[in-house]
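Please open the structure in a viewer and keep the selection tool at hand. The tour below moves from one selection to the next.

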Amino acid sequence: MTTKEIAGKQVELDADGHLVNVNDWSDEVAKALALEEEITEINDKHMQVINFMRKEFETSGSVPSIRKITKQSGVNTKEMYSLFPGGPARKAAKIGGLPKPKGCI
Amino acid sequence: MSDEKIKKVTIVVSRGSLEGVYPGLIMANGARMEGIEADLFFTFFGLDAIIKDRMNNLKVATVGNPGMRFPNGMPMPTMMGGLPGISAMVTSMMQKEMEEIDIPPVGEFMEMISDAGCGIYACKATVDMFHLTEKDFCPQMNEVITVGEFYEKSAGAQIIFT
């Protein structure tokens, strides 16, 4: 675990660079984390995914699978890959301030 | 762990049983999820996984499978695997468990994998041998290719045979 200043705030990160505390998350933190993943702009579609994932995490305690995201958030598989190139679920989780997804799907 | 990341995989699916098909699909989807280029190549009985009328009816091979166990963990005598209804029963139990951990049925999984940008190819020799035509396949099947084309497409990839 490391502490890092993100968007002017000291936050704790795990070994994968994900926020340790979901409550450290804010729009500014999301923007800064997105930049680390080479996503320069967060649009409404990104937010639609992130908000869905955060809500799911809050209720179930785990990061939803890509299947669940694409079935329930209103953003389909192809869009997920273009919004978060090279790691749809993993990058969306990181930018959304959630831990790395644990499932195989 | 090596610093050199895997960039591309080609996964060959050669078996048509439920447990013969899923590992390849999970690996292909998992590769795309990690930003790894991936292609799936279906050959011999593995083709059933991309044949429209068969893909959602794959069964667990219970005959000659010493790994089979009852739900309580007791080993199942291999002889029982051949009894009528056993394969169907084991298949439905496994499908239920897979649904619990969000592994989709084959048809839905194939759509997901194709939308993820994974190429889906059928083996020409098998297509000819089984007298199949393009319209037997699910719409996600990109192309029927020869073994030579398979190697061409696999340039620079790690080839995984399942």
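What follows is a sequence of selections, each with a short account of what is found there. The model is a predicted one.

**Chain B as a whole**

Begin by selecting chain B, which holds five helices and five strands. Followed from the N terminus, its elements come in the order β-α-β-α-α-β-α-β-α-β. Along the principal axes, the C-alpha atoms of chain B occupy a box of roughly 45 × 45 × 25 Å. The radius of gyration of chain B is 17 Å, which agrees with the value near 15 Å for a compact globule of 162 residues. Of the 162 residues of chain B, 30% count as buried. Among the contacts in chain B with a separation of 6 or more, 72% are between residues 24 or more positions apart.

**The sheet**

Next, display the strands of chain B alone. In what order do the five strands of the open sheet lie? The order is β4-β3-β2-β1-β5 (chain B), and the pairing is parallel. At the edges stand β4 (143-145) and β5 (158-161) of chain B, each of which pairs on one side only. From one strand to the next, the twist averages 25 degrees.

**Strand β2 and its partners**

Select β2 (37-42) of chain B. Five of the six residues of β2(B) are buried, so the strand is largely enclosed by the rest of the structure. On one of its pairings, six bridges connect β2(B) with β1 (residues 8-13) of chain B, and the two run parallel. Two residue pairs can be picked out here: B:Lys8 is opposite B:Glu37, and B:Thr10 is opposite B:Asp39. The pairing of β2(B) with β3(B) is also parallel and has four bridges; B:Phe42 has B:Ala122 of β3(B) as its bridge partner.

**Helix α1**

Now add helix α1 (18-33) of chain B to the selection. α1(B) lies across β1, β2 and β5 of chain B, at about 165 degrees to β1(B). Strand β2(B) has five of its six residues buried, and the chain reaches β2(B) from β1(B) by way of α1(B), in a right-handed β-α-β crossover.

**The loop residue B:Ile36**

Centre the view on B:Ile36, in the loop between α1 and β2 of chain B. Is B:Ile36 buried or exposed? It counts as buried, because it has 20 C-beta neighbours inside 10 Å, and 20 or more is the cut-off. Apart from its neighbours within four places in sequence, B:Ile36 contacts B:Ile6, B:Lys7, B:Lys8, B:Val9 and B:Ala31. For a distance check, select the C-alpha atoms of B:Ile36 and B:Val12: they are 16 Å apart, with these positions 24 residues apart along the chain.

**Helix α3 of chain B**

Move to helix α3 (residues 106-115) of chain B, whose buried residues are B:Val106, B:Phe109, B:Met110, B:Met112, B:Ile113 and B:Ser114. Against which elements do the buried residues of α3(B) pack? Within chain B they pack against α1, β2 and β3 (119-123), and in chain A against α3 and α4. After the helix, select B:Gly117, which has a positive phi, near 95 degrees.

**The contact between the chains**

Finally, show both chains. The contact involves 15 residues from chain A and 14 residues from chain B. On the side of chain A that touches chain B, the elements giving two or more residues are α3 (66-72), α4 (77-83) and α5 (88-95) of chain A. Coloured by residue class, this side of chain A shows six nonpolar, five polar and four charged residues.

Technical notes:
Residues numbered from 1 in each chain as written. Chains lettered and ligands numbered in written order. Predicted model: local features only at pLDDT ≥ 70, side-chain atom pairs only at ≥ 80, totals over all residues. Contact = placed C-beta atoms within 7 Å. Nonpolar A, V, L, I, M, F, W, Y, C, P; charged D, E, K, R; others polar. Buried ≥ 20, exposed ≤ 12 C-beta atoms within 10 Å, placed from the backbone. Pairing = 2+ DSSP bridges. Axes fitted to C-alpha atoms, helices over the stretch in contact; angles between N-to-C directions. Rg over C-alpha atoms; globule rule 2.2 N^0.38 Å. Right-handed = clockwise from strand over helix to strand, strands pointing away.
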